[in-house]
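Student: Please give a close account of one part of this model, namely its aromatic pairs and the nonpolar interior. I should like the description to continue from there to the other features that can be located along the chain.

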Amino acid sequence: MQGVNDAERALKASTAVNGQWSGALLLGPHFAVLQGHAGATGAHAHYAHQVLLADAGHWTVQNDDGLQCGTRLLLPSFQSHAVRGVPLRGCTVWIEPSHVDLQTLQAQLPLLPCDPQAVLPCLSALVAQAPLDRRLQAALSALDARLPERIAAPAIAAAAHLSESQLHRRFQQDLAVSLRGLVLWRRLRQALVQVIEGHSLTTSAHAAGFADLAHFSRSLRRMFGVQAGHLAGLHLQHYRGD
């Protein structure tokens, strides 16, 4: 009960925030870090685990368990949530479940630095600790190569030297997502990169293989709880660890 009261007080005391995001999106292999301001969101759920870090103020998040408030919050893959209050200085991290163990991430949570530049090497190390099977790597490479087009399961299975049933089973067991779900996540990631780089919404949607702008917009709201216009204040930086 005390935690709920603390969260409610933090929510009321937080600075009024609209959905506008600003700063730099640092995009690494299988993870991303927002260096700047992440605005409040509507309810949403996405494939990536999300980590919220703060060194001044608190995050306030609403999920199925009610309100959560803290300086370090971990939101597991596909957990529905809405960000209701943001700290003055915070850092937002998304990391794909296929490349990190959730228990390991939970154990590392108290140790992760809030500074975005300092947390990047930590994320690279976590990702490197969970290498994928070669056949799954081949499947993902084949998927990415075909991303703007229609993705056919038989072609992906053939590229990975797996039967279709094996492919679907390996995706669920090893990647914690269906083939269709991962295709949607990859398309959305590619479209967001295009948007942040300054391309129009329609061009970005088509470049990532969405049927139309409406499909892209619905997917963005469902996975991130915002509209594309809320991301206009972001600029993109690719992180390769060098």
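**The aromatic pairs and their surroundings**

Tutor: Trp 185 has a relative accessible area of 7% and is therefore buried. The model is a predicted one, and what follows should be read in that light.

By the rule used for ring pairs, the count comes to 7 aromatic pairs. In one of them Trp 185 is joined by Tyr 47: the ring centres are 6.0 Å apart and the planes make an angle of 70°, an edge-to-face arrangement. This pair links distant parts of the chain, since its members are 138 residues apart. Tyr 47 lies in the loop between strand S2 (31-37) and strand S3 (49-56), whereas Trp 185 belongs to helix H7 (residues 179-196). Tyr 47 has a relative accessibility of 1% and therefore also counts as buried, the limit being under 20%.

Phe 210 and Phe 216 form another aromatic pair, with 5.4 Å from centre to centre and 50° between the planes, which is a tilted geometry. Both Phe 210 and Phe 216 are buried. Tyr 47 and Trp 185 also belong to a wider group: together with Trp 21, Phe 78, Trp 94 and Phe 224 they form one aromatic cluster.

The nonpolar interior can be described next. The largest nonpolar core comprises 57 residues. Those with the most contacts inside this core are Phe 171, Leu 175, Leu 182, Phe 216 and Phe 224. Phe 216 is thus named both here and in the tilted pair, while Phe 224 is named both here and in the aromatic cluster. Helix H7 provides the largest share of the core, 11 residues.

Leu 175 shows which parts of the chain meet at one such position. With neighbours within four places in sequence left aside, Leu 175 is in contact with Tyr 47, Pro 97, Ser 98, Leu 132, Leu 136, Leu 140, Arg 170 and Leu 182. The list therefore includes Tyr 47, a residue that counts as buried at 1%. Another core lies apart from the largest one; it has 21 residues, among them Leu 26, Phe 31, Leu 112 and Leu 120.

Ala 176 follows in the loop between helix H6 (164-175) and H7. Its phi is near 60°, a positive value in a residue other than glycine. At 41% relative accessibility, Ala 176 counts as partly exposed. A positive phi in a non-glycine residue is found at His 30 too, where the angle is near 75°. His 30 is placed in the loop between strand S1 (22-28) and S2, and at 22% relative accessibility it counts as partly exposed.

Among the strands, there is an open sheet of 3 with the order S5-S4-S7 and antiparallel pairing. Strand S5 (66-70) and strand S7 (81-85) are the edge strands, each pairing on one side only. From one strand to the next the twist averages 30°. Strand S4 (residues 59-63) pairs with S7 in the antiparallel sense over 4 bridges. Along this pairing, Gln 62 stands opposite Ala 82 in S7, and Thr 60 has Gly 85 of S7 as its bridge partner. Although S7 is an edge strand, 4 of its 5 residues are buried, so S7 is largely enclosed by the rest of the structure.

The cysteines complete the account of the interior. A disulfide is a covalent bond between the sulfur atoms of two cysteines. The structure holds 0 disulfides. For Cys 69, the closest cysteine sulfur is that of Cys 114, at 14 Å, which is too far for a bond. For Cys 114, the closest cysteine sulfur is in Cys 91, at 5.7 Å, and this too is too far for a bond because a disulfide requires sulfur atoms within 2.5 Å. Cys 69 counts as partly exposed at 28% relative accessibility, whereas Cys 114 counts as buried at 10%.

An exposed position may serve as a contrast. Gln 129 is located in the loop between helix H3 (116-128) and helix H4 (134-145), and its relative accessibility of 56% makes it count as exposed. Gln 129 and Leu 102 are 27 residues apart in sequence, and their C-alpha atoms are 12 Å apart in space.

Definitions and conventions
Residues are numbered from 1 along each chain as its sequence is written. This is a predicted model: local features need pLDDT of at least 70, side-chain atom pairs count only at pLDDT 80 or more; totals for chains, interfaces and linings use all residues. Side-chain values use heavy atoms; hydrogens and water are left out. Two strands pair if DSSP finds at least two bridges between them. Helices (H or I, at least four residues) and strands (E, at least two) are DSSP runs, numbered from the N terminus. Axes are lines fitted to C-alpha atoms, for helices over the stretch in contact, and angles run from 0 to 180 degrees between N-to-C directions. Rings of Phe, Tyr and Trp (its six-membered ring) pair if their centres lie within 6.5 Å; planes under 30 degrees apart count as stacked, over 60 as edge-to-face and the rest as tilted. Buried means under 20% relative accessible area, exposed over 50%, partly exposed in between (1.4 Å probe, protein chains only). A nonpolar core is a set of buried Ala, Val, Leu, Ile, Met, Phe, Trp, Tyr and Cys residues joined through side-chain atoms within 4.5 Å. Contact means heavy atoms within 4.5 Å.
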